[in-house]
Amino acid sequence: MSEKNINKICRMFWGLIGCLSFMQISVWLQKEDLTVLSEMSDWVAAYVFLYFFIFSIIDSGVDSMASFHQTHNQQNLSKSFLGGFIKNKINFSKGYKLMFNVGFLFMLFFRVKNEFFK
């Protein structure tokens, strides 16, 4: 295993731990009738999971696709899409992450909107 893969696995592990920790804090806050803080803790837990766990999976997937084609598909690396993907795999990864971030912000926006404009 390379150091890069170990780093991704550690990020996934800490993302899971962080998410579960914020969820536990949310349960404690719910018991104390602090519902606003409890919901904020839920949203933080969701973003911690997204940031550490899901983004690590995205990075691993993009790296795996690129290394597969570099190893087993040498004859097609000169084609425009595949060659562009290999050269810009970091940008593809950032694009996927941007879509997840925008989706999260939309969900948060509509949740806040529904809370204030009942």
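**Exercise 1. A pair across two helices**

Glutamate 39 forms a salt bridge with arginine 111; work out which helices the pair links and how exposed its two members are. (Keep in mind that this is a predicted model.)

*Solution.*
- Start with the contact itself: the closest N and O atoms of glutamate 39 and arginine 111 sit 2.6 Å apart. The cut-off for a salt bridge is 4 Å, so the pair counts.
- Now place the partners. Glutamate 39 belongs to helix α2 and arginine 111 to helix α4, with their positions 72 residues apart, so to speak: the pair links distant parts of the chain.
- Last, check exposure. Glutamate 39 comes out at 26% relative accessibility, which makes it partly exposed. Arginine 111, at 30%, is partly exposed too.

**Exercise 2. The largest pocket**

Find out which residues lie nearest the centre of the largest pocket, and which element gives the most to its lining.

*Solution.*
- The volume is about 250 Å³.
- Eleven residues line this pocket, and Val36, Glu39, Met40, Val112 and Glu115 lie nearest its centre. Glu39 is a familiar face here: it is the salt-bridge partner of arginine 111.
- Two elements each give two or more residues to the lining, namely α2 (35-72) and α4 (89-116). The top contributor is α2, with six residues.
- Sort the lining by class and you get seven nonpolar, one polar and three charged residues.

**Exercise 3. The second largest pocket**

Describe the lining of the second largest pocket by residue, by element and by class.

*Solution.*
- This pocket holds about 160 Å³ of space.
- Its lining is made of Lys4, Lys8, Asp59, Val62, Asp63, Lys89, Ile90, Ser93, Lys94 and Lys97.
- Helices α1 (3-31), α2 and α4 each put in two or more residues. With five residues, α4 has the largest share.
- By class, the count is two nonpolar, one polar and seven charged.

**Exercise 4. Charges around that lining**

Of the five salt bridges in the structure, look at the one between lysine 8 and aspartate 63 and the one between aspartate 59 and lysine 97. Are lysine 8 and aspartate 63 buried or exposed?

*Solution.*
- Lysine 8 and aspartate 63 have their closest N and O atoms 2.5 Å apart. The pair reaches from helix α1 to helix α2, and its members are 55 residues apart.
- Both are buried: lysine 8 has 8% relative accessibility, and aspartate 63 has 18%.
- For aspartate 59 and lysine 97, the closest N and O atoms are 3.0 Å apart. Aspartate 59 is in helix α2 and lysine 97 in helix α4, so this bridge ties together parts 38 residues apart in sequence.
- Aspartate 59, at 22% relative accessibility, is partly exposed.
- Finally, follow the shared partners: salt bridges join Lys4, Lys8, Asp63 and Lys89 into one network. These four also turn up in the lining of the second largest pocket.

**Exercise 5. Counting disulfides**

How many disulfides does the structure hold, and why is cysteine 10 not bonded to cysteine 19?

*Solution.*
- A disulfide is a covalent bond between the sulfur atoms of two cysteines. The cut-off to apply is 2.5 Å between the sulfurs.
- The sulfur closest to that of cysteine 10 belongs to cysteine 19 and is 18 Å away, which is too far for a bond.
- Run the check from the other side: cysteine 19 has cysteine 10 as its nearest cysteine sulfur, and cysteine 19 is in no disulfide.
- The count is therefore zero.
- As for surroundings, cysteine 10 is partly exposed at 37% relative accessibility, whereas cysteine 19 is buried at 10%.

Methods:
Residues numbered from 1 in each chain as written. Predicted model: local features only at pLDDT ≥ 70, side-chain atom pairs only at ≥ 80, totals over all residues. Heavy atoms only, no water. 1 Å grid on protein atoms, 1.4 Å probe; cavity = no way out; pocket = protein on both sides within 12 Å on 5 of 7 lines; lining within 4 Å. Points joined across faces, edges and corners; volume = space filled by probe spheres on them. Helix = DSSP H or I, 4+ residues; strand = E, 2+ residues; numbered from the N terminus. Nonpolar A, V, L, I, M, F, W, Y, C, P; charged D, E, K, R; others polar. Buried < 20%, exposed > 50% of the residue type's maximum accessible area, 1.4 Å probe, protein only. Salt bridge = Lys/Arg side-chain N within 4 Å of Asp/Glu carboxyl O.
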